[in-house]
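Got the viewer open? Here is a short tour of selections to make, one stop at a time.

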Amino acid sequence: MTETTKTPVLQIDNYSLDYRTATGAFHALRNVSLDITPGEILGLVGESGSGKTSLAWSIMRYLPGNAREVGGAIRLGGEDLAKKSAAEIGAIRGKRISMVFQDPSTSLNPTLSVGRQLSEVLMRHRGLTRKQAWAEGEEMLARVGLKTPAQMMARMPHEASGGEKQRVVIATAFACNPECIIFDEPTTALDVITSRQILNLFVELQAETGVASLYISHDLALVSRTAKRVAVIRRGEVVEQGEVSAIFHDPQNDYTRQLIAAVPNPAIRLVESRPDATAAPLVKVENVSVHYGRKPFFAALTGRAHERVVGNRAVSLSVQPGEILGIVGESGSGKSTLAKAMTGLNPFEGKIWFDGKSISGVSDMDTGYRKDVQIIFQHPDASLNPRHRIGEILSRPLKLYGGEGSGSQAQKIGDLLEQVSLPRSHADRYPHQLSGGEKQRVAIARAFASKPKLVICDEITSALDVSVQASIVRLLLELQRVHDTAYLFITHDLNLVRQIAHRIAVMYHGELVEIARAEDISSPDRADYTRRLIEAVPIPAGTTAAAN
Amino acid sequence: MTEFLKRLLRTPQGAIGVAIVGLVLLVVIIGPWVAPHDPESLAPLQRYKGSSLTYLLGTDQYGRDIFSRLLIGARATVIMAMLATLAGTVVGALIGTTSAFLGGRADEAIMRTIDAVMSIPSLLFALLVVNLLGSSIVNALVAVAVAFAPGMARITRSVALSVRKQDYINAAIARGESARFVIVREMLPNVIAPIIVEMTIRVSFAVMLFATLSFLGLGAQPPAAEWGLMVSEARRYMHLSAGILIWPSIAIALVAIGFNLLGDGLRDALNPRA
Amino acid sequence: MSPNYILKRIALIFYTLLVVSLIVFAITQILPADAAVMMLGENATDQALDALRQRMGLNDPVWMQYAHWLIGIVQGNFGTSLRTGQPVGPVMFEALGRSLLLALLSITFMLILAIPLGIIAAIRRGRVADMLVSLISYVGVSLPEFVTATVAVLLFADWLKWLPPTGYVPLTENFGSAIAHLTLPVFVISIILIAHVSRMVRSELIDVLHADYIRSARLKGLSGSSVLMGHALRNALLPTITIVALDVGYLLGGVIVVEEIFAIPGIGRQLIVAIQARDLPAIQAGVLIMAATYSIVNFLADMLYAALDKRIQYD
C-alpha cells in the first residue's frame with residue numbers, strides 16, 4: 001500500500017511563514033509541502049535553525065506574535081487549520097492532533113501530580129469526570145509500559161525518572177486517540193539506553209494505533225531507523241523528500257548528501273594511525289577516585305551516616321602517546337569528573353602518571369604539566385569569557401607557556417586562527433559575534449597554542465549540529481595527524497567515537513566498566529553493559545554494523 | 001563606549017533614567033551657581049508665597065526661596081547617597097568576594113552571620129549607628145553605608161559564585177593561570193556589571209534612607225537645605241502652603257525614580273550577549 | 001522537608017538572635033551614656049552613683065554584663081527602663097502587638113492589590129495596562145514613607161477631612177474609629193510593598209508563562225484561562241511567599257517611620273523614644289524583638305513554602 005491510495009491526515013500545502021524582526025522579515029519556512037497519511041511516520045530532519053520546530057508550531061497553531069503566515073495552507077483531515085477560531089483550535093489540540101516534546105523534565109508542570117496532568121486532557125476532550133479520567137489515566141500508563149501505574153499517577157514529576165516522564169508525556173499524547181501526533185526530538189534529552197526504549201515504545205504504539213506521525217529530529221541515523229519517509233529541511237525549505245532507502249542510497253540534493261556524509265557511521269573509520277603500543281604510556285591514571293560534597297554540619301553533629309556523592313570510583317586507565325582514547329557513558333557516569341580531576345578542577349584520590357612524573361594533587365600540576373595537558377569544554381559559550389576579545393583569549397596560552405617561533409603576538413594569534421580555519425580578523429571579535437562552530441574552533445585553537453601532548457575533549461561536539469560536528473572532528477583529526485597529540489575524547493556518541501578512537505573506555509555510575517579496542521567494541525565478548533549500550537544506538541539505515 | 005551608550009538609550013528605562021540622573025548631576029554640579037536666591041536668607045515678608053517669576057517654586061515658612069534651596073540641597077542629598085552606597089558596596093563586595101573565595105564552612109559562617117545582621121531592618125540599623133556616632137550628615141553617611149553592606153555582600157557573593165562555576169574560569173584554572181589573574185581579569189569584569197546595576201538601584205534607596213534619617217532629626221540639621229529635613233520642617237506649616245511640602249517630596253521621588261530606571265536600563269545594556 | 005531541616009532552621013533563628021544580641025550590646029556599650037547618671041540625675045553624689053553601679057553590675061567586666069543580660073532575657077527579663085523605671089519587656093511586647101496589627105493589615109491590603117496588578121501586567125505584557133502598572137511601581141518604590149505619610153495626611157486629613165490625621169484607638173475600644181485611624185498608616189506602609197511585590201509577581205508570572213510545561217498545557221487544548229488558573233498562577237505565586245517574608249524587614253523599618261508620624265504607640269515608636277532618650281535596656285529589647293519577629297516570619301515562610309512546593313527536598 002502506498003501513500004497515494006490514502007487521503008492524507010495532515011497536509012501541508014506550499015506553506016510559508018515569516019517572522020518580523022528588527023532587521024526585516026525572516027523567512028522561517030518557504031513553500032513547504034508535506035503529506036502524512038494514516039499509519040505513516042514521516043521523518044523531518046534538519047539542523048538547528050532549519051525551521052523544523054517552526055513547522056511544528058504552525059501545525060499546532062502556536063505561533064509567536066511576530067509570526068506572519070504568508071502563503072499556503074495546513075490541513076487536518078481536509079480542514080484548513082488557519083481558518084479555525086481559537087475555540088475550535090482548542091478543541092482540536094490534544095484531541096485530534098497532539099505533541100510529544102523534547103525534554104520531559106520541562107514539559108511537565110513540576111508542581112502538579114502526573115495523574116492530574118494526564119487526566120486533565122481526558123476531562124477536557126472526552127468529557128470524563130475526574131474519577132473516570134483518573135481510572136482511564138492509570139490504564140494509559142499501563143499501556144505505555146509503566147510498571148506501577150496507580151502509584152505513578154500520584155507521583156510528582158520530580159519523583160519520576162526521565163524515561164518514566166517521557167512515557168507519561170507519550171501517554172498524554174495518545175490519550176484521546178488523535179489522528180496525528182508530532183514528535184519533536186522526543187529522545188534527545190534522554191540517555192542512550194532509555195531513548196532506545198522510548199523509541200521502541202513509540203514504534204509499538206504507532207503500529208497499534210495507526211496514528212499519522214511527524215517525527216522531527218536532527219538525528220538522521222535515528223530517523224532512518226524509525227520513519228518510512230524522510231523530508232530534509234534546510235533554511236526553511238524542504239530540499240528533498242522520499243523513501244528512507246531512496247534518500248540514503250541515492251540522495252539527489254547536495255545538502256542531503258552532505259548531511260548523510262556527516263552522520264557518524266561506525267563502519268567507516270576516520271583514523272588510520274596506530275599508536276605505538278610498546279612505548280611508555282603518556283598518561284597513566286591509577287585508582288583515581290573523586291567524591292563530591294562535604295559532610296553536612298548537622299549530620300556530623302548528630303552522628304548520622306551521610307553518603308558522599310561519588311564522582312569516580314578507583315578508575316585506572318592509560319593513554320599512549322598519539323593515541324585517541326574514547327570515553328563513553330551516560331550522563332552522570334563520571335566521564336567528565338575524570339577530565340576535571342586530570343586538569344586540577346576536582347580534588348582526587350589516587351595517582352596520575354604523566355610522562356613519567358607522578359601527580360597526586362593539584363599542587364603537582366606545574367606549568368610544564370599545564371602546557372602539556374589541555375582541556376576543551378562542551379559549551380564554547382561558557383568556556384570563552386564573554387568580555388574578552390578572541391585575540392585576548394588566544395594570547396593567554398602564548399603568555400603563559402611562551403609561544404614558539406618568531407613573530408609578533410598578533411602574528412602568532414593570527415596563525416593560531418588560521419590553523420583552525422578561521423580568518424585572522426576574528427581576533428578583534430567578541431565570542432558572542434561568532435557562531436557555535438566558530439567558537440568551538442577558537443577553543444580548539446586556544447588548547448593547541450601550547451603544542452600539548454594530551455588534549456582532553458569533554459563532549460566538545462555534542463552542542464553542535466551534525467555538519468558542524470563533522471567539520472570539527474575533521475579539524476581535530478587533522479591537528480592530531482600534524483602534531484601527533486593524544487586525545488581523551490569524552491562523548492556519549494558511540495557512533496562517533498567508534499569512528500575516531502583507537503580504544504574505547506566505557507563508564508557507568510562512576511566506574512570503569514572496561515576498555516576495548518574500537519574494532520572490538522561490538523564483539524559479543526564485551527561486558528553486559530557495553531553490549532546494551534551498543535545495541536541501543538541506532539546505526540544509519542543502509543549500513544551494517546561495524547565491519548568486524 | 002559609544003556603543004554601550006547607544007544600547008543604554010535604546011530602552012525607555014535607560015533613556016529616561018539617563019535624562020533624570022543627568023539632570024540631577026547637573027544640578028549637583030552647577031546648582032549653587034545658578035540658584036537665583038540665597039537659600040538661607042530669611043525674608044519674613046515673603047513667607048508662604050506661591051509660584052511666581054521671582055520665586056519659581058514659592059517660598060517657605062521663613063520666606064526662603066524653595067527652588068534655590070532644592071538646587072543647593074541636591075548636593076547634600078545626592079552626593080551623600082552616592083558616597084554612602086559606594087562605601088557600602090565596596091565593603092559588601094569585599095566581604096562577599098572573600099566569602100565566595102573561601103567557600104565551605106567559612107563561607108557558610110560568614111553568610112549566616114550576614115543573614116543575622118540583615119534581620120535588623122536597615123532603617124533601624126542606620127538609626128542605631130547614627131545615635132552611636134551622633135547626629136550629623138557624615139555620620140548618617142556611615143550609617144547608610146553600614147546598613148547597605150550586608151545586602152551588597154550577599155549579592156556579590158551570589159554573583160561571584162555563579163561566575164565561578166562558568167567553564168571559562170575552569171579553563172583559566174586548568175591553564176594554570178594565577179589566582180590573581182583569575183580573579184582580576186576573568187571574574188571581575190563579569191562580576192562588576194551586576195554589582196553596578198545593583199549599586200545604581202540602591203542609590204535611590206540611599207536617597208530615601210538619608211531623607212528619612214534627616215526627617216527623623218538624625219541626619220542633616222537645620223538650617224541645612226537637605227530635602228528630607230525640608231519635608232520634616234514643612235510639616236508644621238503644610239496647611240499654610242502645600243508647596244513647601246510638595247516640592248522637596250517631588251525632588252526626592254524624582255531622584256529615586258531616576259536611579260531606579262537607570263539601574264534597570266544598565267542591566268539590559270551591560271548584558272554582553274543581548 | 002526533613003526534621004533535620006526544620007531543626008537546622010530553628011538553630012539558625014537562635015544564631016541570628018545571638019549575633020543581633022552581640023551587635024546591640026556592643027552598640028549600647030559604646031554609646032556615651034552612663035546608666036547610673038541617667039537614673040539618679042546629674043547631681044547625684046559619687047557614692048550613690050558607685051553604689052548603684054555596683055548594684056546594676058556596671059562595674060563588672062563587659063562579658064559578664066553581656067552574660068547577665070542574656071541570661072535575664074532567657075528568663076523573660078529584658079531589664080528595667082532607665083527612663084521610666086518600668087520593666088522593658090512587657091512594654092515592648094504590648095507595643096509589638098499593635099505594630100503586628102498594623103503590619104498584618106498592611107500585608108493583607110498589599111497582597112489584595114499587588115497580586116492582581118502583577119498578574120494583569122504579566123498577561124498584558126507590553127500593552128498599556130503593563131506600562132501603567134510599571135509606572136505605578138516605579139513611582140511607588142521611589143516614595144519614602146515619610147513623604148507619602150505627610151502628603152496623605154495633608155490630602156485626606158487636612159484638606160478632605162475624611163480621616164483623622166494621627167492617633168491610635170484600640171480595636172476593642174471603638175472598632176470604627178480604630179479602623180479610621182489605621183487606614184492612612186496601612187495605606188502608607190503598603191505603597192512601597194505594592195510596588196515591589198507587583199513587580200515580582202509580574203516577572204515570576206512572565207517566566208512561568210514562558211515555561212515549556214505551560215506550552216504543553218496549551219497544546220493539550222486547555223484554554224488560556226484554565227492554563228493560567230490551573231498551571232501558571234500557583235507556580236508564579238509560590239515565590240511571593242519568600243519575597244513577602246524578606247520584605248517584612250523593610251516593612252518593619254517603614255513601621256518605625258509611620259508610627260512616629262501617626263503617633264501609634266507601637267514598637268517602632270517605642271524604639272525611637274528609647275533611642276532619643278538613650279534608654280539602653282529599651283533599645284536592646286526593642287531591636288532584639290524586631291530581629292526575632294523578622295526571623296520567625298521568615299522561618300514560617302520557609303516552612304509554608306516547603307509544605308506547598310513538593311519539589312523542594314531539604315536535608
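**Where chains B and C meet**

Start by showing chain C and chain B together: the pair buries about 3700 Å² between them, with 78% of that on carbon and sulfur atoms. Keep in mind that this is a predicted model. Now pick out Tyr138(C), Phe146(C) and Ile275(C), which supply 17% of the area chain C buries against chain B, more than any other three residues. In terms of contacts, 47 residues of chain C touch 40 residues of chain B.

Next, zoom in on Asp264(B) and Arg199(C), whose side chains form a salt bridge (2.5 Å, N to O). The rule finds one salt bridge across this interface, along with seven residue pairs in polar contact.

Which helix of chain C gives the most to the side that touches chain B? Select H1(C): that helix contributes 10 residues. By class, this side of chain C has 35 nonpolar, seven polar and five charged residues.

**Along the annotated spans**

Stay with chain C and select residues 236-262, one of the transmembrane regions listed in an unreviewed UniProt entry. This span is 100% helix, and its end C-alpha atoms are 36 Å apart.

Over in chain B, try residues 78-102 and 123-149, which are among the transmembrane regions in the unreviewed UniProt entry. Residues 78-102 of chain B are 100% helix, with end C-alpha atoms 36 Å apart. Residues 123-149 of chain B are 89% helix, and there the end C-alpha atoms are 13 Å apart.

Last stop: color chain B by confidence. The mean pLDDT is lowest in helix H1 (residues 2-10) of chain B, at 81, and highest in helix H7 (residues 167-175) of chain B, at 92.

Notes. Residues are numbered from 1 along each chain as its sequence is written. Chains are lettered from A and ligands numbered from 1 in the order in which they are written. This is a predicted model: local features need pLDDT of at least 70, side-chain atom pairs count only at pLDDT 80 or more; totals for chains, interfaces and linings use all residues. Side-chain values use heavy atoms; hydrogens and water are left out. pLDDT is the predictor's confidence in each residue, from 0 to 100. Helices (H or I, at least four residues) and strands (E, at least two) are DSSP runs, numbered from the N terminus. UniProt positions are given in the numbering used here, feature names are shortened, and annotations may be inferred rather than shown by experiment. Contact means heavy atoms within 4.5 Å. Buried area is the accessible area (1.4 Å probe) that two parts lose on being put together, summed over both. A salt bridge is a side-chain nitrogen of Lys or Arg within 4 Å of a carboxyl oxygen of Asp or Glu. A polar contact is a pair of N or O atoms within 3.5 Å; within protein, one must be able to donate a hydrogen and the other to accept it, and residues adjacent in sequence count only if both atoms are side-chain atoms. Ala, Val, Leu, Ile, Met, Phe, Trp, Tyr, Cys and Pro count as nonpolar, Asp, Glu, Lys and Arg as charged, and the others, Gly among them, as polar.
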